[in-house]
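Reader: Could you take a close look at one part of this model for me? I'd like to hear about the surroundings of the ligand, and then about the aromatic contacts.

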Amino acid sequence: MKIEDVVCTFCGCLCDDLVVEVENNRVCSVENGCTLANEKFMRDHRLKNPIRRDGNGWKAVSYDEAIRETAEILLDADRPLLYGWSGTHGEAQSVGVHLAELIGGVIDNTSTVCHGPSIMAIQEVGHPGCTLGQVKNRADVIVYWGANPIDAHPRHMSRYTTYADGFFIENAFRDRKVIVADVRQTESSAIADEFLKIDRGGDYAALSALRAIVRGKGDLIPSRVAGVTREQLFRVAEICMKAKFGAIFFGLGLTMSPGKYKNIRNAIELTQELNRHTKFTISPMRGHWNVYGSNEVFTWITGYPYAIDFARGIAFYNPGETTSVDILMRGECDACLVVASDPGAHFPRACAEHLARIPTVQIDPHVNATTHLATLQIPVAVTGIDAEGTAYRMDGVPIRARKLFTGSYPNDQEILEKIFARVKEAKRS
Ligand code: SF4
């Protein structure tokens with residue numbers, strides 16, 4: 001059976017034009033997808049059943065046992081942490097927030113180690129953003145700052161920027177200028193019209209120099225700023241000011257380099273300066289397919305986008321204190337539920353060591369680095385393959401990921417609802 005308009009639940013582009021062939025509850029071909037999508041759909045090797053650590057090995061357990069044990073672990077904990085959420089659909093994320101509130105725990109998503117600084121900057125100075133459709137149809141200047149889309153979001157350029165013709169852009173490759181700013185050469189910088197090679201840690205200075213030029217204070221700029229020549233800075237500022245519609249996309253090269261959220265604030269303020277001359281927007285390149293959704297869902301329920309602590313009985317948010325890495329580094333939490341992410345692969349070593357010391361339950365379809373730290377793992381259906389649900393694209397547009405076939409695995413939402421019901425019942429009795 002061939003299914004059209006399939007949504008790829010891998011990266012924040014959430015491409016919704018894949019054609020997938022399914023046979024005997026297995027994906028056997030994928031059209032229109034990039035290599036990451038092919039890998040996701042074609043090499044879907046799942047854990048077969050829930051497993052519990054047993055000495056140095058693992059023991060298979062039933063779903064009922066795994067759910068009961070998870071509920072007990074959460075009920076026994078004084079400071080439980082519920083982490084992850086970027087690889088599952090919004091309906092499951094919503095149950096997660098209610099569970100965290102019920103047990104007085106901390107709930108955090110993967111923004112904590114990616115675009116958390118972007119959100120903090122947006123909270124301070126706002127977000128002059130737009131949809132990817134606007135970029136495709138209108139933008140004649142694109143800036144990628146600290147991002148390498150060819151590697152991390154392989155179809156971003158072909159669907160929305162460099163190679164995507166739009167309503168007002170008839171020949172995108174000819175008419176659209178692309179500027180890349182990064183600390184090293186990348187596949188994306190190789191095809192840029194201008195490449196700003198910035199010294200490590202120099203993003204803030206380079207952004208400030210561009211802001212000064214756009215503001216008409218170019219005479220203050222020295223011959224070189226953060227490794228970039230004065231001439232190139234003026235050239236880039238001029239391209240941006242002459243644009244009919246410009247769009248800046250920034251990645252972890254900006255959010256996680258020295259300066260962190262101040263870099264993003266500076267980039268947003270550069271965008272605001274450019275809006276004195278023309279139309280300019282700025283957007284984060286969100287990584288996991290529904291990390292934006294976790295920020296949306298957490299915010300509409302609690303008022304905060306990540307790192308929410310319910311220990312006081314109300315939602316409390318203080319990045320640096322209630323963020324997962326900080327809680328784990330302090331050895332503060334005594335149980336952890338990991339859903340749809342892999343902190344074992346991405347967190348600092350001390351955090352991973354603490355996860356291995358405490359009861360850690362992972363809800364995830366696949367064996368990953370966190371499995372090796374976990375006490376219990378519950379495999380689930382994959383949203384976009386054998387589960388459906390709502391996801392938010394990197395520009396905040398909600399997209400429904402469909403189910404391609406009905407498999408034998410329960411989905412995240414069903415497992416979480418059962419854990420929630422058990423915890424609620426235990427608390428009542
Ligand atoms: S760019 Fe991202 S969403 Fe699009 S097909 Fe590739 S991995 Fe999937």
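Author: Quick bit of vocabulary before we dig in: a residue counts as near a molecule if one of its heavy atoms lies within 4 Å of it. Also keep in mind that this is a predicted model.

With that cut-off, the shell around the ligand takes in Cys8, Phe10, Cys11, Cys13, Leu14 and Cys15, along with Cys34, Leu36, Ala37, Pro154 and Arg155. Sorted by character, that shell has 10 nonpolar residues, no polar ones and 1 charged. Arg155 is the charged one, because Arg counts as charged while Cys, Phe, Leu, Ala and Pro count as nonpolar. As for where the ligand sits, that's the largest cavity.

Now for the aromatics. The structure holds 6 aromatic pairs. One of them is Tyr304 with Tyr317, a stacked pair with 5.0 Å centre to centre and 15° between the planes. It counts as stacked because the planes are under 30 degrees apart. This pair links distant parts of the chain, 13 residues apart: Tyr304 is in the loop between α14 (291-302) and β15 (308-309), and Tyr317 is in strand β16 (residues 316-317).

The two partners also differ in exposure: Tyr304 is partly exposed, at a relative accessible area of 29%, whereas Tyr317 is buried, at 15%. Bring in Tyr306 and you have one aromatic cluster, made of Tyr304, Tyr306 and Tyr317.

There's a charge-over-ring contact to look at too: the charged end of Arg312 sits over the ring of Phe316, 3.9 Å from its centre.

Definitions and conventions: Residues numbered from 1 in each chain as written. Predicted model: local features only at pLDDT ≥ 70, side-chain atom pairs only at ≥ 80, totals over all residues. Heavy atoms only, no water. Phe/Tyr/Trp six-rings, centres within 6.5 Å; stacked < 30°, edge-to-face > 60°. Helix = DSSP H or I, 4+ residues; strand = E, 2+ residues; numbered from the N terminus. Buried < 20%, exposed > 50% of the residue type's maximum accessible area, 1.4 Å probe, protein only. Lys NZ or Arg CZ within 6 Å of the ring centre and 35° of its normal. 1 Å grid on protein atoms, 1.4 Å probe; cavity = no way out; pocket = protein on both sides within 12 Å on 5 of 7 lines; lining within 4 Å. Sits in = over half its atoms within 2 Å of the grid points.
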